[in-house]
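Got the viewer open? Let's take a short walk through this one, one selection at a time.

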Amino acid sequence: MTRPVPGLTPRHSRLAATQLARLALTSMLTSSPAVQEAVLETEVDNEGAMSLYRKLGFVKEKRLHRFYLNAKDAYRLKLPLPTLHSLGLTKVAAQAEVEAVLAATH
Ligand SMILES: CC(C)(COP(=O)(O)OP(=O)(O)OC[C@H]1O[C@@H](n2cnc3c(N)ncnc32)[C@H](O)[C@@H]1OP(=O)(O)O)[C@@H](O)C(=O)NCCC(=O)NCCS
């Protein structure tokens, strides 16, 4: 469910979170090629975030009891290195993608 993003056209809002997450992952891969995995947490009932991360290839590693200040549980999600590479990004391609996005924002 893509929502409008201030400053972006509806076409560019489509999958904005996916694109931002891919940019973060490609930046990480470019700056640290030896990276083994990406790890993050999200509230267990955050359906949008869970959908986003599942589609990027993240898998549940563990449920964290009362992880947040609001006492909600979290899932720790992990994206293993083979999956990171399966995003289709060689180091050169990742570098090119990062540079293209940075060039477009300056
Ligand atoms: C979670 C969030 C970042 C998703 O942003 P988004 O721009 O809607 O995500 P995208 O457009 O890239 O969608 C990614 C996929 O998740 C799906 N999705 C997004 N929100 C969804 C929801 N509420 N329920 C089910 N699926 C959802 C999209 O349909 C899309 O799948 P598709 O390719 O099959 O269409 C956004 O809802 C948000 O900003 N939430 C508040 C902050 C937050 O929760 N951040 C995460 C903290 S861990």
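**Start at the ligand**

Select the ligand and its surroundings: the shell holds 15 residues, and those that come nearest are Ala-17, Thr-18, Thr-42, Gly-48 and Ser-51. Keep in mind that you're looking at a predicted model. Color the shell by residue type and you'll get 6 nonpolar, 6 polar and 3 charged residues.

Which helix gives the most to this shell? Select 47-56: that's helix 3, and its 6 residues are the biggest contribution. Helix 2 also supplies at least two residues of the shell.

**Along helix 2**

Now select residues 16-31, which make up helix 2. Its 16 residues reach 22 Å from first C-alpha to last, close to the 22 Å expected at 1.5 Å a residue. Show side chains for Leu-25, Thr-26 and Leu-29, the buried residues of this helix. They sit on the same side of helix 2 because they cover an arc of only 100 degrees around the axis. As background, residues three or four places apart in an α-helix point the same way, since there are 3.6 residues a turn.

**Into the core**

Next, select Leu-25, Leu-29, Ala-38, Tyr-53, Phe-58, Tyr-75, Leu-77 and Leu-79 together: these 8 residues form the largest nonpolar core. Helix 2 and strand 3 (74-80) each supply at least two of them, and the largest share, 3 residues, comes from strand 3.

Last stop: center on Leu-77. Leaving out residues up to four places away in sequence, Leu-77 touches Leu-40, Thr-42, Tyr-53, Phe-58, Val-59, Lys-60 and Glu-61. You've already met Thr-42, one of the residues that come nearest the ligand.

Conventions:
Residues are numbered from 1 along each chain as its sequence is written. This is a predicted model: local features need pLDDT of at least 70, side-chain atom pairs count only at pLDDT 80 or more; totals for chains, interfaces and linings use all residues. Helices (H or I, at least four residues) and strands (E, at least two) are DSSP runs, numbered from the N terminus. The expected span of a helix is 1.5 Å times one less than its number of residues. A residue is buried if 20 or more other C-beta atoms lie within 10 Å of its own, exposed if 12 or fewer, and partly exposed in between; C-beta atoms are placed from the backbone. The arc is that of the directions from the helix axis to the C-beta atoms. A nonpolar core is a set of buried Ala, Val, Leu, Ile, Met, Phe, Trp, Tyr and Cys residues joined through C-beta atoms within 7 Å. Two residues are in contact if their C-beta atoms, placed from the backbone, lie within 7 Å. A residue is near a molecule or strand if its C-beta atom, placed from the backbone, lies within 6 Å of it. Ala, Val, Leu, Ile, Met, Phe, Trp, Tyr, Cys and Pro count as nonpolar, Asp, Glu, Lys and Arg as charged, and the others, Gly among them, as polar.
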